[in-house]
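Here are my notes for you, written as numbered points. Keep the 3D view open and turn it as you read.

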Amino acid sequence: MLRFQALISEHTEEHGKTLPDAAGEVGRGCQVEGYPDSNFVGRSCFEKRPGGPIDRVLAPHLYYSGTAALGVASHASCPGTAGLRQRVSPGVDRARRLEASSTDPATTTITITTRQEVESMLNQTRTIPRVRTLCTAVCLALGLGVTTSASAEDPVRIGAIYIMSGSPSVYGQFAQQGMQLAVDEINEEGGILGHEVEFVLEDSQIKADAAIQAARKLVYSEQVHGLMGLDSSGVATGVVPVVPELQRPFIITHAATPDVTGKLCNRYTYRLSVNISQNTKAAAEIAEQSGAKRWTTIGPDYAFGHQSWEFFGNYLKELDPEVELMERTAFPRFGNEDFTPFINNVMDAKPDGVLVSLWGGDLVNFIRQANNLGFFDRDFEVLMTLGGATEVMSALGNDVPEGIWVGTRYWFAAHDNDVNNAFVTAYMERYGKPPSYNAEGAYAGIYAYKAAIEKAGSTDPEAITDALSGLTFPAPTGSLTFREGDHQAVVGPTWGQTAALSEEYGVRMLDPMKTFDGDLVTPDVSETGCSL
């Protein structure tokens, strides 16, 4: 049995404090302090450091940071601390025992002795956001999960994490527009199970640690029912291992590394967008048909660039064992501004074909500089894995070279179905430009949650997570299914050659164009490394 105490005392409100990470792994726990006539609670934490004494400090008015290792912070002026002593007998999980007492007679002590009592306390605080947040810390200290389900009057809340700052922030802006359009449509039709829908957006800053903290904030502070987003493969590989801790479903709508539905897969993580494996298998088919025999690459120097080259090379070798994958390659850092040395290096290598996996502002800068250096006038094939992103094509206009092969996870003119036609029309009417694949992915992500919640008949995150597995739902790219074996959607990319600039859409159109069958470019679950 674990004995837990919540102290009720008076104190002045203070804002803006955070909990630093605590070192050590042994015997941590916390207790809650509530303050009369206030929507605040604080928390008192203890920590038994390996080989060291037990420290106890009082920390009111602090948001739980969500880190796996509970933080320890102090507030010297707290009442009710004189003579407070704690002893801990470290054990495992709920067998851990916490004892505390206070010599301050003004402090009322409430003892919680069972898991049910703790969960009851948690349920009673649902309508008080800050109390709810700190009670979340309590449950985590006790090894309990944190559950959220919407009452009849509460909205369904979706937390989204996209790039909202820096040069690639246009991707996040497109995603925000796609989400807003979907939310407005759903609410106009009565919401989901009678609940209105809303989303809360956080900036990933293209950093894994920032995205992890954003996810924790969305769960523990904003109390979202589900998560979605992520643009960078590098960020995704950092975030996905943390998702089970959050106990929320997470639908990835952009990041493409195969690992998140492969060796890093978990019960809570899903992806509805085209991944590297699916996209590069299509690219390899185009490369093989081009007849080019000596291939090199220019890609960002992190997971996405290196995996794009690896998977492309493997698939191309399967189709044509005689091709040469050159050792002379170029991997500029993400966010690089001067691509001249990398462009010259590739041209000097005299390849027959070049796979370009740069994206976002990097791809915009690369194309402008490559134009100036005559890169696209050389006698070699160029395949840009994400050159069909409307974020890039609209920024460049006529500077996008004509007649090169570009790929995209979604092309607004490639899918003749009712869902896509309505989506493109509504998006154009509202925003005056065609939707990008990030806008489509975010739009589809909201509708995926709608379908899952309706299938589950509940807004409980665990029920939503279960409902997503094997779910088939309508999307602009067609009917999508999250495979039960790895939670990857079976979906194919669109590839095409850049053609004339469209006055209506402000981007070069693709002609010829091919959308690949998801069943033909998606590897079998047994090949992904996923074990659920």
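1. Start with the whole chain, which has 15 helices and 21 strands. Keep in mind that this is a predicted model. Of the 532 residues, 56% are buried.

2. Now for how the chain folds back on itself. If you take contacts between residues at least 6 apart in sequence, 68% of them join residues at least 24 apart. As for the outside, the accessible surface is about 20700 Å², and carbon and sulfur atoms account for 46% of that.

3. Next, find the open sheet of five strands, with the order 9-8-10-11-12 and parallel pairing. Strand 9 (197–203) and strand 12 (269–271) are at the edges; each has a single partner strand, so one side of each has no neighbour in the sheet. On average, neighbouring strands here are turned by 25° against each other, ignoring direction.

4. Zoom in on one pair from that sheet. Strand 11 (residues 250–252) pairs with strand 12 in the parallel sense, over three bridges. Look for Ile251, which sits opposite Tyr270 in strand 12. Then pick out helix 13 (residues 437–456), lying across strand 8 (156–162), strand 10 (226–229) and strand 11, and running at about 160° to strand 10.

5. There is also an open sheet of seven strands, this one with mixed pairing and the order 14-13-15-16-17-20-21. Its edges are strand 14 (324–325) and strand 21 (508–515), and since each has a single partner strand, one side of each is left without a neighbour in the sheet. A quick reminder: strands of a sheet pair through backbone hydrogen bonds, either parallel or antiparallel.

6. Inside the seven-strand sheet, strand 15 and strand 16 run parallel and are joined by four bridges. Val354 faces Val382 in strand 16. Helix 9 packs on this sheet, touching strand 13 and strand 15, and its direction makes about 180° with that of strand 13.

7. Finally, which residues of helix 10 are buried? They are Gly360, Gly361, Asp362, Leu363, Val364, Phe366, Ile367, Gln369 and Ala370. Their cover includes helix 3 (169–188), strand 13 (294–298), helix 9 (340–349), strand 15 (353–356), strand 16 (381–384) and helix 11 (390–396).

8. One last look at helix 10 (residues 360–372): its 13 residues reach 19 Å from first C-alpha to last, close to the expected 18 Å. Just after this helix comes Gly374, with a positive phi of about 75°.

Methods:
Residues are numbered from 1 along each chain as its sequence is written. This is a predicted model: local features need pLDDT of at least 70, side-chain atom pairs count only at pLDDT 80 or more; totals for chains, interfaces and linings use all residues. Side-chain values use heavy atoms; hydrogens and water are left out. Helices (H or I, at least four residues) and strands (E, at least two) are DSSP runs, numbered from the N terminus. Buried means under 20% relative accessible area, exposed over 50%, partly exposed in between (1.4 Å probe, protein chains only). Contact means heavy atoms within 4.5 Å. Accessible areas come from the Shrake-Rupley method with a 1.4 Å probe; for residues, only the protein chains shown count as cover. The expected span of a helix is 1.5 Å times one less than its number of residues. Two strands pair if DSSP finds at least two bridges between them. Axes are lines fitted to C-alpha atoms, for helices over the stretch in contact, and angles run from 0 to 180 degrees between N-to-C directions.
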